[in-house]
Structures are given as C-alpha cells and as structure tokens.
Amino acid sequence: MAFYVVQFLTGLASAASLFLVASGLSIIFGVTRIVNFAHGAFYMIGAYVAFTLTERLSGAFGFWGSIVLAALAVALIGVIVEMVLLRRIYHAPELFQLLATFGLTLMVEDLVVLIWGPDDLVGRRAPGFKGAIDFFGQNIPSYDLFLIVLGPVVLGILWLLFQRTRWGVLVRAATQDRDMVAALGVNQKWLFTSVFAVGVFLAALGGALQIPRDAVHHAMDLRIIVEVFVVVVIGGLGSIVGAFVAAVLVSELNAFGILIFPKISIILVFLVMAVVLIVRPWGLFGKPEAAARKTPGLTVNPWRPLTSNERLASLAALAIAATLPLFAGNYALTVGSEIAIFVIFAVSLHFLMSVGGLASFGHAAYFGLGAYGIAFLAKMAGLPMIVCLLLGPLLGCLGAAVFGFFAVQLSGVYFAMLTLAFAQIVWSIAFQWVNVTGGDNGILGLWPSSWAASPSHFYWLALGVAALVTIALRAMVFSPFGYALRATRDSVLRSEAIGINAKRIQWTAFVIAGTTAGIGGALFAYLKGSVFPDNLGISLSVDALVMVLLGGVETVSGAVIGAIVYKALNIWLVSQTDLSKLVLGGFIMLIVVVFPKGIVGMLEMLAQRRRKSSPPGSPLLAKPIESAE
Amino acid sequence: MKLTVQDLNSHYGPAHILFDIGFEVGEGEVVALLGRNGAGKSTTFRSIVGLVAQRSGRIMFEGKDVSAKPTHEIVREGLGYVPEERRIFTDLTVEENLEVGRQPKRPNAPHWTREKLFALFPNLGEMKNRPGGRMSGGEQQMLTIARTLMGNPSLVLLDEPSEGLSPKIVEQMVDAILTMKKEGVSIVVSEQNLHFARLISDRAYIIERGRICFGGTMAELDARPDIRDAHLSL
C-alpha cells in the first residue's frame, strides 16, 4: 500500500513541472492563438541556464536565486523571439505558426549542444531539500514534496494574477476578442509580448526546477512538448485549471501505467487523450471554439487544370528526370529514388492539407505504416516484392481509416494535435512492441527482387510510381469528389447545406492521403532495406509539412517542387555540416516569414505581375485591383 | 471641426466597399449616418478606427491626421467606437468589461466613472458581477456603450445602437445619448431607423452603396422626401 502512495506522490511531483510548462503554453495560446511548438525549447534552455547559474552561484540563495534568474533570463529571450519572429506571423494561418516555432525548436537543439556540449549534465540538489522522508519503509525525496506543494501555489498565484489585476482582465478579454480590446485603446502588441514573456517564464521555471530531479540533456524539449500538447488538449487549450488537472492526470497515468502496463505506458496517456477529444473535443475545461480559422489561407486564384503546353512541359521534365541513370552514378540514383519517394509523400499530404484543408501533424504515421506493412509481408509472410508493394500500403490505408474517422470530427489546431497524438501512438507501438517490430532495432534485410535491385531500375520504379500518384491525385482535385472536398474546405456549413456529407468526404480524403503516403513508405522500406520507428516519427511528419509549405500551400503543383528542393537541400546539408538542424530551422522560419506562399506561389505571383504590367493600358484602371490584393 | 473624413476608400479583399466617403462632425454635434443594410455604415466606422486594413483617405480628428495610426492609438486620442455586434466580453463580468475600456482622464472630454455610468444605465448597476454572456441584448447594448465611455472619449462612433431592441429600451437609449451629448461628447450614430435618428441628431448624411449621397440638417432632409424615399424606406 505504502508503495502505491509513494508512486502517487511521485506522479504529483512530476505534475508540477508539467503544469508550469502547460499553463504557459495555454496562456500564450489563449491570447495570441499561437500553439507555441518552441515551448519545449524554452523549458530546455531554462534547465541549461539554471544548471550553469547554480554551478557559479553558491549557497542557498545562490541556488534559488539561480532558478528564478534563469527563468527571467529565458523570459527575456522569449520577448526577443516574440518581437522579432511572432509579431510577423500573428495573422498567418495557424499551420505556419506551428512550423515557424518548430523551426525555432530545431535551431535551439543545435545551439544547446554547441554551448553546453552533447553530454547529459547532472545538476546540484536543492539546499534544504537534499534528503528523503521515510514513509512506512518507502523513501520520498523531500524535493518531491516541495514540488507537490509548489504546483497548487503557482496555480493560486496565476488565478490571482488573472482575476485580480488589470493585466489579467485585459488578457482574459483579449483571449476572447483581441480586436475589440484594441478598439478600446489597449496596445495589443505589448499585451501579446507580456503574455508571451509570462508563458515562457513558466516554461523556463518548469525546466529549471527539474535539474535536481533529472539530468539536463538536449532532447528534453521534444519529450516535454508532446506531453504538454497532451495536457493542454485534455485540459482544454486556454484553461489554466484544465492544465493543472490534466497535468496531474497525465503524470499519474504515467506513474501507474508503468506498473500496470509496462509495455504500453506511453500509449495509455494518448488513448486517454483520444477519448477525451472525441467526447469533449475542446478538452475537459476548454470552451468550444467559434469557427476554426481557414488553414490554407485565402485562395484568390481559382485552381485550373494544366493547359496542354504545361502538360507537355511536365512530361518533358519527367522524361529528362528519367534519363538520370544514363549519366549519374549509384549514389545520385539512390538520392533520386529518395526524392521521388518523398514527392509521393508530400503530394499525399498536400492533397489532405491544401485540397482538404486538413493540416495533419502526424502524416508520417501512414508513411511508416506502409513501410512496416512491407516488412511484415516480406519478412514474415515471405511474399515477393510485387505482391508486397501492392498489399503493404494497405496497412497505411487501414491506419488512416481508423484514425481518420476520429480525426475528421475535429478541425484546426485540435485536428493537428490529434493527428500528432495518433502518430505518437503508432510510434510508441513500433518502439515498444519489440517482439513484433524489433523496437528500436527495427526490421532489417528488406531487399527488392532482382528486377528492381539495381539502382537505376529502382529509380525508374520510384519515378514511375511518383508520376502515377501525382497524376492520379491531380485528376482527383478536378473530379466531382475534388470539388466536394474543396467545398468542405472553404465552408463546412455551406457545403453541408447543399447536400455534401462533409465528414465522409473528409474521411475519404484522409484515407486516400494515408494510403498514398503508405505507397511512399513501402518504396522507402525497399530503398533503405530496413524499417525503423523513426519512419513514423514527428520529425518526418514535419518534413512533409515543410515540403508542402515550401512549394506553396495554395498551389496545386507546389508539393512536387517543394519535395524535390527540400529533400535535395536536406541531403546536401547533412553531408556538409553537423549543424544541419540549425540551418534547417532557420530556413523554415525564413520561408514562413519571407515566402509564405512558397516557391510555386511566388513564381505565380511574379508571372501575374508581369502579365499585369505588360499591356500599356490605363494605370488608373489597374490601380484599384492592385490595391485590393 | 471635431472629425473630418475625406476621400475614404476601403476594400475587403478584392471588393471595393467605400468610395470617396467624406463628412464632418462639429464640436458637440450629433450626426446621423443613415443608410440601408449593407450600404457601408459599419465599414465606414471600422475604417475610421483602423479596423479595416485596406483603406486610404484622410481622417482628421481634432486637427490631427490619424489615418496612419494603429487602432489603439486612434482610440487613445479620444475617438471611441461602439461596434454594431456589441462584442461584449462574455466571460468577463460587467465591472471587468468596464475595466477593459478604462483610460486616463482627458482634458477636453467629460470624465466618466463607474458610478456615473451606473447612474446613466441603472440596469448595469444592478448586475455588476454578472458575466457579459448572461445579459439580455438591451443590457449588452448599454454595457458596450458604457465600456466605450470608460475611455473618456470626446467623440463616439455609435454603430446602430437601436438595432434589435424593444421600444422601451430604445427610449432609454435615446435618453442616454442625449445625456452624453449634454455632457459634451460629439457623436456619430449610424442608423436605419429614421425616427430614432430624428430624436437625437442635429444633422444627417445618407450613405448608399458605399457613397455619400446626401448631407444636411434634419430639416433639410425632411424637405427632400424624394431622397428619403429613394435611399431609406424599404
């Protein structure tokens, strides 16, 4: 019995930091409507800075002073980030905001290693809380008791701050209607900056307080951010009480999950989240969102099928690509195959995201499922490659059918988070179910049959499939189904009013996109000869998002260009520098801020501008149109 | 002149909404902006306070050009705005709603306190701690005006204050607006309801399809039944 009590208290102690970080994320989201992916990064910097300060400053005041000082310093960094980066993207679609803050996270991961080195750092223990308390033969660290008390204290302080101060009233008002707050004479800019500073302070404090409990390392950001996403989604985005209750719930699920189901401890939390989202899509303490904001921005130029000239040009480009094996070596061909596979992956996400308006943050799940499908069929059933290629993607299809059914019940940020959570479930299964999936070691030795074994043959296969998939999806965009899907994207209400079953259309699109991603994953498994949990990981999902974004969300063909440019750049970068995350993160932020319409979108804009300026007609007539853009 | 609007043009995306709008408001005057649904009354107000991003033209307030300023700075100059949709903060209590609107005293404008506003709108005084979401339409309309007055404006843009209110509440609204005028607040009020406008206004402008097509005193408007019938009646 005593053991369970201690386990319960450990869970409560872990909840403290989680609550601090989650409440910060929630407060920031409430006012700025930005889901700050970089929140985990601020948590991590908080821990590193606190580590350095506690090493330098001695004594009891030194330790506690260092903790507070670290949080303040990181809050200052947060202010700079808000002023330089976020202020430029407050009116961008939420997907762009998530990506920009993810780019920041990538940069921080490399910077932290540059400054503090790659090794785990073990921090000092808190003065006055070094010992443990005996509880019926079980030890409870006294620092844990301190954290257990701290959680409710912080909750109380935040409550007073929001209920009893003018700043708090303004923040709550802005959470509901920020334009109206401005129309009453409040400077939104500084309100946003101060809210961001408070949120980052809480995250950094959460990180700093962890150093007596846990080693500081450079991967702690992703681990906490996924947990924090779960907490705010269960508790309800924007609710501090919700963040507290959910932080306790998640920590206890973790503490007891490990005892009861050691194999699926991670999944347990995600299952609870999925259930909560389906029963109460806005979380336990959240409020139903008004209308979710449109994800793909405003499509001003209606899409049209390619003209015959453009068709010829695309065919010519494909033909040129097909000649690669005539002059390139094996390495270039492998790279070419990988790029072709990622074109398939990006095109499938583009279909879901741009055509369907459903920005998935876990699309890699279906890519990876396709890959594992191959692994199961080839290794366990011993089927030939051609059969595997036909059947393997069905695992992606199945996953998309199950998860998609739940995911399309939601929209906007919640859709993004739920897809992320589902992808993490799949990842956890692949990672933990060692008997079947090989866990971290993956499944090795998947080689193509002899007809596709040579690099040039495999390249042609990948290129051919990529071309077929792209053509098929494009044809679908301009089919009645595509029209219906775009109608649901532009307005669910209006499309339902003319008799379109929006949920079913979106679900179908989800399954199509998932299956297509599975085809990409299947080819990828054969290209690499192996399958790993990373093939379904977050970073691969984000890669796909960046490819679509880079090409241009609002274009039909952007995904192809985006995939080619991004993958080529990525492969080149990794070969050139150890700081690839730093460069990549900066690059992502640059696209979001400077080229929000992507490469193809930018080319289209340039072409349009040329067309407009070419006829020497009356400039007065053209002017109102120009200013309308 | 308190407020002078010249050549105001506004767009929503590719749609051109306002065409060369121009009008004036004198010190302490109540001016009505009349027009049908969709004529451009609300867009005119939203453009003046900078809530429409794509706009051009000159907006002179108390002799200063405010057209390039962000919304909150325009409002802090003493130009209050009461939106048509009321936009009460539903989670905040009456007192907290007022707190959001509070701004420092201004030398050339009447100073409003909670007590003064509760005297002007007695209903509000009885529900200080009620959340805005649990108030009737008429109470919300009073709250949204009171909230703007907390900023001590010298001019208020009132967007359709009588819309959707019962005759009894409309009467109270007329009294409140006349009190505001007596205190020295200049007012621009947009209306579809000519009778309501007649009770409170000194002068009127008529807006139709984004253009001003009449401007004059209420007496001049009454002398032109043709204009009234063409642009206002159903």
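How many bridges join strand S1 of chain B to strand S4 of chain B? Seven of them do, linking residues 3–12 to residues 54–61, and the two strands run antiparallel. Keep in mind that this is a predicted model.

## The sheet in chain B

Let's zoom out from that pair. S1 and S4 belong to an open sheet of four strands in chain B, laid out in the order S2-S1-S4-S5 with antiparallel pairing. On the edges sit strand S2 (15–25) and strand S5 (64–65), each of which pairs on one side only.

If you want a handle on the register between S1 and S4, take B:Leu3: its opposite residue in S4(B) is B:Phe61.

## Two domains in chain A

Over in chain A, the chain splits into domain 1, covering 2–279, and domain 2, covering 344–574. Their centres, taken over C-alpha atoms, are 32 Å apart. Where the two meet, 20 residues of domain 1 are in contact with 22 residues of domain 2.

Which helices supply at least two residues each to the side of domain 1 that touches domain 2? They are helix H4 (94–116), helix H9 (220–235) and helix H11 (265–279) of chain A. H11(A) gives the largest share, with seven residues. As for chemistry, this side of domain 1 has 18 nonpolar residues, two charged ones and no polar ones.

## The nonpolar core

The largest nonpolar core counts 279 residues. A:Leu99, A:Ala204, A:Val230, A:Val231, A:Ala247, A:Val343 and A:Ala346 have the most contacts inside this core. Both domains of chain A, domain 1 (2–279) and domain 2 (344–574), give residues to the core, so it lies between them.

A:Ala247 is a handy one to click on. Leaving aside residues up to four places away in sequence, A:Ala247 touches A:Ala15, A:Leu18, A:Phe19, A:Ala22 and A:Val231. That last partner, A:Val231, is itself listed with the residues that have the most contacts in the core.

## Helix H14 of chain A

Helix H14 of chain A takes in residues 330–355. How does its length check out? At 1.5 Å a residue, its 26 residues should span 38 Å, and the end C-alpha atoms are 36 Å apart, so the two values agree.

Is H14(A) mostly covered or mostly open? Mostly covered: 21 of its 26 residues are buried. After H14(A) comes A:Gly357, which has a positive phi, near 70 degrees.

Key:
Residues are numbered from 1 along each chain as its sequence is written. Chains are lettered from A and ligands numbered from 1 in the order in which they are written. This is a predicted model: local features need pLDDT of at least 70, side-chain atom pairs count only at pLDDT 80 or more; totals for chains, interfaces and linings use all residues. Two strands pair if DSSP finds at least two bridges between them. Domain bounds come from an automatic or database domain assignment. Two residues are in contact if their C-beta atoms, placed from the backbone, lie within 7 Å. Ala, Val, Leu, Ile, Met, Phe, Trp, Tyr, Cys and Pro count as nonpolar, Asp, Glu, Lys and Arg as charged, and the others, Gly among them, as polar. A nonpolar core is a set of buried Ala, Val, Leu, Ile, Met, Phe, Trp, Tyr and Cys residues joined through C-beta atoms within 7 Å. A residue is buried if 20 or more other C-beta atoms lie within 10 Å of its own, exposed if 12 or fewer, and partly exposed in between; C-beta atoms are placed from the backbone. The expected span of a helix is 1.5 Å times one less than its number of residues.
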